[in-house]
Amino acid sequence: MVVLLMAICSCLVTCGALLRWNGMRYRKKGLPPGTMGWPVFGETTEFLKQGPGFMKNKKHRYGSLFKSHILGCPTVVCMDPELNRFILVNEGKGFIPGYPQSMLDILGRSNIAAVHGSPHKNMRSAMLGLVSPPMIRDQLLPKIDEFMRSYVDNWNGRVVDIQEKTKEMALMSALKQIAGIEAGPASEALKTEIFKLVLGTLSLPINFPGTNYHQGLKARRKVVSMLQDIINQRRISTCSYNDMLDSLLKIDDKSKAKLDDKQIIDLIIALVYSGYETVSTTSMMAVKYLHDHPKVLEEVRNEHLRIEKSKLHGDAINWNNYKSMKFTRAVILETLRMATVVNGVLRKTTKDVEVNGFTIPKGWRIYVYTREINYDPCMYQEPLTFNPWRWLHNKLDSHHHFMLFGGGSRMCPGKELGTAEIAIFLHYFVTRYRWDEVGGAHILKFPRVHAPNGLYIHVWDN
Ligand code: HEM
């Protein structure tokens with residue numbers, strides 16, 4: 001008994017000493033308040049376990065700007081909307097993207113999230129050229145329409161996992177737009193590797209056979225080689241393909257920097273990666289919210305039936321049809337808000353920077369945590385109610401604290417494209433089908449929105 005007590009006591013003393021020592025290591029003058037947790041692990045376990053509760057407790061104790069040690073790095077968490085905006089619009093003052101090494105290794109050195117300054121400007125301008133409203137109207141919308149209408153074919157009477165379906169939908173739709181890749185052996189091979197690549201970016205950077213990171217790096221090598229083969233074929237072909245890859249290979253505008261093959265490949269990987277989880281999760285959650293809110297579903301369905309009636313049978317959704325989907329757009333924004341598809345974005349300091357009277361040392365991460373804004377009653381009345389109507393007249397998406405798509409020089413370039421994809425998927429889904437959930441769905445909202453056991457729905461013809 002005494003031995004046990006002594007063991008417990010010495011354990012407590014050692015833990016206390018370790019916590020204090022780790023706190024002292026980071027006790028620099030001018031740092032925001034907060035605690036650093038354990039050496040190496042910091043407070044990652046509490047952060048992942050408690051999620052938003054961890055953030056709320058810390059905010060309650062230390063205010064909207066506090067230090068911690070999460071996901072392997074000393075980090076300052078910022079929960080103040082005004083300050084978040086300041087950080088996002090001031091990349092040039094020392095706040096560059098701060099995504100984890102595993103992500104950058106797998107997404108590539110030329111990846112848009114890995115570069116800043118003029119290389120970022122070049123990549124971004126190439127990206128914006130591919131997904132601009134005129135490109136969506138003239139080139140992408142017909143492809144998205146063709147893909148979505150056939151993708152939801154033959155779901156009548158079936159039980160489908162809408163999580164799996166929307167994931168596949170987001171990926172296959174992107175591959176069609178990027179390089180005209182249709183369902184078949186080539187797309188299956190790419191799909192398998194891209195799924196592994198995505199998983200690898202969300203893992204610890206432990207390069208050992210069997211780890212997700214190792215698999216992710218291997219998958220990257222395979223994806224790069226497949227894309228390089230496609231590029232080589234395109235270079236010797238005399239055909240015109242009318243897709244994103246074609247536009248990238250034919251940049252002849254002197255005002256734009258020409259990208260080499262490595263940059264083109266990393267840009268394509270960024271396009272697929274950035275749109276994949278966001279578009280799929282938002283589509284899945286929109287289906288869930290529509291199921292749970294019959295009045296909203298009725299209004300959405302009426303909007304789409306009106307569009308369908310105004311067209312000849314089989315006509316594709318055009319730009320004007322898409323732009324008239326005002327209520328659907330509101331549903332998508334409300335889904336992004338309520339489900340908090342994006343909790344925040346990461347930045348890293350390139351030098352010691354002063355923020356609100358505190359100093360954030362060079363090389364620290366900043367977690368620009370935007371989740372709280374989504375539930376701010378000053379911005380969204382009754383914030384816990386799913387109410388798409390709120391977006392119709394209040395110009396909430398022009399509010400300077402609107403950050404569902406980020407902000408500043410990194411504001412999502414694919415927001416219009418992503419919205420169009422989800423809207424057209426919903427068009428074909430709600431006009432053709434009714435559905436019911438099978439069993440209770442368990443949906444985790446942190447650190448990412450995810451149904452661990454799938455989200456099963458039974459689908460019938462409308
Ligand atoms: C509902 C859908 C989407 C949401 C909620 C969303 C959200 C975001 C957010 C919050 C950021 C800012 C990241 C940061 O500041 O570090 C971002 C950046 C980005 N998004 Fe999206 N996104 C969506 C769809 C898409 C799609 C479809 C594409 C593909 C065209 C895309 C491509 C990108 C890229 C390339 C960036 C990086 C921009 C840069 O670093 O300059 N996104 N997105």
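## Two sheets, a ligand shell and a few odd backbone spots

Let's start with the small sheet: three strands, lined up as β4-β10-β9, make an open sheet with antiparallel pairing. Its edge strands are β4 (159–161) and β9, each pairing on one side only. From one strand to the next, the twist averages 35°. Between β4 and β10 there are 3 bridges, in the antiparallel sense, and Val159 has His458 in β10 as its bridge partner. Helix α8 (residues 162–179) packs on this sheet, where it touches β4 and β10, and its direction makes about 60° with that of β4. Keep in mind throughout that this is a predicted model.

### The five-stranded sheet

The other sheet to look at is an open one of 5 strands, in the order β1-β2-β8-β5-β3, and its pairing is mixed. At the edges stand β1 (65–70) and β3 (95–97); each has a single partner strand, so one side of each has no neighbour in the sheet. Here the twist averages 35° from one strand to the next.

Some of the strand pairs in this sheet go together as follows.

| Strand pair | Sense | Bridges | Residues standing opposite |
|---|---|---|---|
| β1 and β2 | antiparallel | 6 bridges | Lys67 and Val76 |
| β2 and β8 | parallel | 4 bridges | Cys78 and Val368 |
| β5 and β8 | antiparallel | 5 bridges | Arg347 and Ile366 |

Two helices pack on the sheet. Helix α3 (residues 52–62) touches β1, β2 and β8, and its direction makes about 135° with that of β1. Helix α4 (residues 81–89) touches β1, β2, β3, β5 and β8, and makes about 125° with the direction of β8.

Why is β8 described as largely enclosed by the rest of the structure? In strand β8 (residues 365–369), 5 of the 5 residues are buried, so the strand is largely enclosed. For a residue to count as buried, 20 or more other C-beta atoms have to lie within 10 Å of its own. In a regular strand, side chains alternate between the two faces of the sheet. In β8, Arg365, Tyr367 and Tyr369 point one way while Ile366 and Val368 point the other way, and all are buried.

### Around the ligand

Now for the ligand. There are 27 residues around it, and Ser274, Gly275, Gly406, Cys412 and Gly414 come nearest. The elements giving two or more residues to this shell are α6 (118–131), α12 (261–292) and α17. Which of the elements gives the largest share of the shell? That is α12, with 7 residues. By residue type, the shell divides into 17 nonpolar, 7 polar and 3 charged.

Helix α17 (residues 415–432) deserves a closer look. Its 18 residues reach 26 Å from the first C-alpha to the last, close to the 26 Å expected at 1.5 Å a residue. The helix is also mostly covered, with 14 of its 18 residues buried.

### The loop between β9 and β10

Val449 sits in the loop between β9 (433–437) and β10 (456–461). Is Val449 buried or exposed? It counts as buried, because it has 23 C-beta neighbours inside 10 Å. Leaving out residues up to four places away in sequence, Val449 touches Thr281, Met285, Ala339, Val341 and Ile443. Thr282 is 167 residues away from Val449 along the chain, yet their C-alpha atoms are separated by 9.1 Å.

Pro447 lies in that loop between β9 and β10 too. A cis peptide bond joins Phe446 and Pro447, with omega about 0°.

### Positive phi values

Most residues other than glycine have a negative phi, and most peptide bonds are trans. Against that background, two residues are worth a glance.

Asn356 is not a glycine, but its phi is positive, near 50°. You'll find Asn356 in the loop between β6 (353–355) and β7 (358–360). Asn356 is partly exposed, because 14 other C-beta atoms lie within 10 Å.

Glu382, also not a glycine, has a positive phi of about 40°. Glu382 belongs to the loop between β8 and α16 (390–393). With 9 C-beta neighbours inside 10 Å, Glu382 counts as exposed.

Conventions. Residues are numbered from 1 along each chain as its sequence is written. This is a predicted model: local features need pLDDT of at least 70, side-chain atom pairs count only at pLDDT 80 or more; totals for chains, interfaces and linings use all residues. A residue is buried if 20 or more other C-beta atoms lie within 10 Å of its own, exposed if 12 or fewer, and partly exposed in between; C-beta atoms are placed from the backbone. Two strands pair if DSSP finds at least two bridges between them. The expected span of a helix is 1.5 Å times one less than its number of residues. A residue is near a molecule or strand if its C-beta atom, placed from the backbone, lies within 6 Å of it. Ala, Val, Leu, Ile, Met, Phe, Trp, Tyr, Cys and Pro count as nonpolar, Asp, Glu, Lys and Arg as charged, and the others, Gly among them, as polar. Two residues are in contact if their C-beta atoms, placed from the backbone, lie within 7 Å. Axes are lines fitted to C-alpha atoms, for helices over the stretch in contact, and angles run from 0 to 180 degrees between N-to-C directions.
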